[in-house]
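Thanks, everyone. Let me put the model up, and then I'll walk you through a few points.

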2 protein chains.
Amino acid sequence: MKILKTIEEVRAQVKAWRKENLTVGLVPTMGYLHEGHQSLILKSVEQNDRTVVSIFVNPMQFGPAEDLESYPRDLQADAELCEKAGADVIFHPEPEEMYRPGFCSYVNMTGLPDALCGLTRPVHFKGVCTVVNKLFHIVTPDRAYFGEKDAQQLAIIRRMVMDLNMDIEIVGCPIVREADGLAKSSRNIYLTKEERQAAVVLSRAVTFGKHKIEEGCRDAKEIVEAMKALIAAEPLADIEYVEMVNMDTMQPIDKVQGTVLCAMAVRFGKARLIDNFICQL
Amino acid sequence: MKILKTIEEVRAQVKAWRKENLTVGLVPTMGYLHEGHQSLILKSVEQNDRTVVSIFVNPMQFGPAEDLESYPRDLQADAELCEKAGADVIFHPEPEEMYRPGFCSYVNMTGLPDALCGLTRPVHFKGVCTVVNKLFHIVTPDRAYFGEKDAQQLAIIRRMVMDLNMDIEIVGCPIVREADGLAKSSRNIYLTKEERQAAVVLSRAVTFGKHKIEEGCRDAKEIVEAMKALIAAEPLADIEYVEMVNMDTMQPIDKVQGTVLCAMAVRFGKARLIDNFICQL
């Protein structure tokens, strides 16, 4: 496995693969990899001849008051995980490599980024769209892998690829959880021991919400309010939102039908955690 | 030469070419082709194994009060010109093919689109960036050809390609002029006989501005004011702007040095015409 730091090196590598008619998968990450990322890499290795994992803490998708500086980094551990999972290349550029002097272009969309996480993170999805667009041009993958944990991001990336006619298959992969249910996240590292215990309330709310739908409840408001009550009973939990939306448009729904995303963002101390479930009716 | 109307057909055609290791040039146009477009097609045919000309009057780059509806169209004449010039494919999609239901993504940049034409055409370059980005993904050309007449557009496309790491060479081609100097433009069709005669004042201003620099004048304001006076002496001319800017940043300059764009937009009746010269010192 190679660790490449420049766009030119990645391009040259991918072009060499293309000459051999090999397919290429891309797993875009911000590093500090966990079993969630691992599942994406394994999926890419399974579906493509070669797999590139990008590790780049993208400044453009962090707001001024967010955790860009403190975002956890551990390239050595990441490299071990990638190698073990069968990745062929890590692309690990410096910010200066990705954002050259005079950089001023961006990719964005109306609607989808304004809901859910976009309400408190107004520049986030513009940064995500832009960097993913760049990574797609650098790596030119056949397929790219994203976790369903970032469900809004996944919907936005799918929309961008469709709208801008990018010839790339977007593969969404299920949330990977700890033994007690907490969704794996690089940001779980921010949790104190007490917060870590409290945070399990998110996956409990997910299970509870799913169960209500299985039981026949179709009233989005009723489900959301019950989930909120469950989370609010945990004193360390500070709810940012719990919402049910149409998976394609991110618009709030009244009645559970079609493909529905039930998503939440909740703060525990310094950590802002998200969790969700997608249901198809 | 084929005329293709769907994205799928173009993709299939380009993939077939790629299998034969052929290079592909793209000439994005809005149709109603003239010798300016012809020069781009000829350049592409010279530099690439295959050439695609896209003909698409892109609604997204017209403001609500602009000439989207009246923009001249003549596919048959365009097809003849393309065939004669050696193009292999015309891509001529309907707006519904390019903008599917729910379309909401866009590409834009800060700075460059806010100067010159962007001041009176605030949505124009966002529409240009978005449609060119789409066309680049659909055709995946090795090279794409743009006229220097749309100098701000050329600077913006170059910036987009650089910033978003699109692996495409952007080739700018010189302005093609009528015998009396008027820059070729599809919009010249809007001119009455009197306006057509008056419009030659633009190229006269260009020649005059160039001449002043050749004579040693480096004062941008002096040059611009003299050019404005020359144009204003023509009663049918209604000046929107005459400006000298840095070619890379579109920022106004005081002193003529480096690569400078001297650009103007002037109305003659219904027609809004542009002209410019680029000088390197």
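I'll take the symmetry, then the core, then one polar residue.

Keep in mind that this is a predicted model.

Symmetry. In general, two copies of a chain are related by a rotation about an axis and a shift along it. What turn lays chain A on chain B? It is 180 degrees, with a shift of 0.0 Å along the axis. The RMSD of that superposition is 0.0 Å. So we have the relation of a two-fold axis. Where does chain A come nearest to that axis, going by C-alpha atoms? At Val107(A), whose C-alpha is 2.2 Å from the axis. Both copies also use the same surface: 100% of the contact residues of chain A recur in chain B.

Next, the core. Nonpolar side chains tend to be buried together in soluble globular proteins. Here, the largest nonpolar core has 102 residues. Which of them touch the most other members? Phe136(A) and Phe136(B). Look at the chain A copy. Setting aside neighbours within four places in sequence, Phe136(A) is in contact with ten residues' worth of names on your screen, including Leu26(A), Pro141(A), Phe146(A), Met160(A) and Ile170(A). Ile157(A), Val161(A) and Met166(A) are also among those contacts.

Last, the polar residue: Gln13(B). Gln13(B) sits in helix H1 of chain B, which spans residues 7-19. Is Gln13(B) buried or exposed? Its relative accessibility is 13%, so Gln13(B) counts as buried. The cut-off for buried is under 20%. What does its side chain pair with? Lys2(B), side chain to side chain, in a polar contact of 2.6 Å. Beyond neighbours within four places in sequence, Gln13(B) is in contact with Lys2(B), Leu4(B) and Val89(B).

Definitions and conventions
Residues numbered from 1 in each chain as written. Chains lettered and ligands numbered in written order. Predicted model: local features only at pLDDT ≥ 70, side-chain atom pairs only at ≥ 80, totals over all residues. Heavy atoms only, no water. Least-squares fit on C-alpha atoms with pLDDT ≥ 70 in both. Contact = heavy atoms within 4.5 Å. Core = buried A, V, L, I, M, F, W, Y, C linked by side-chain atoms within 4.5 Å. Buried < 20%, exposed > 50% of the residue type's maximum accessible area, 1.4 Å probe, protein only. Helix = DSSP H or I, 4+ residues; strand = E, 2+ residues; numbered from the N terminus. Polar contact = N/O pair within 3.5 Å; in protein donor to acceptor, adjacent residues only side chain to side chain.
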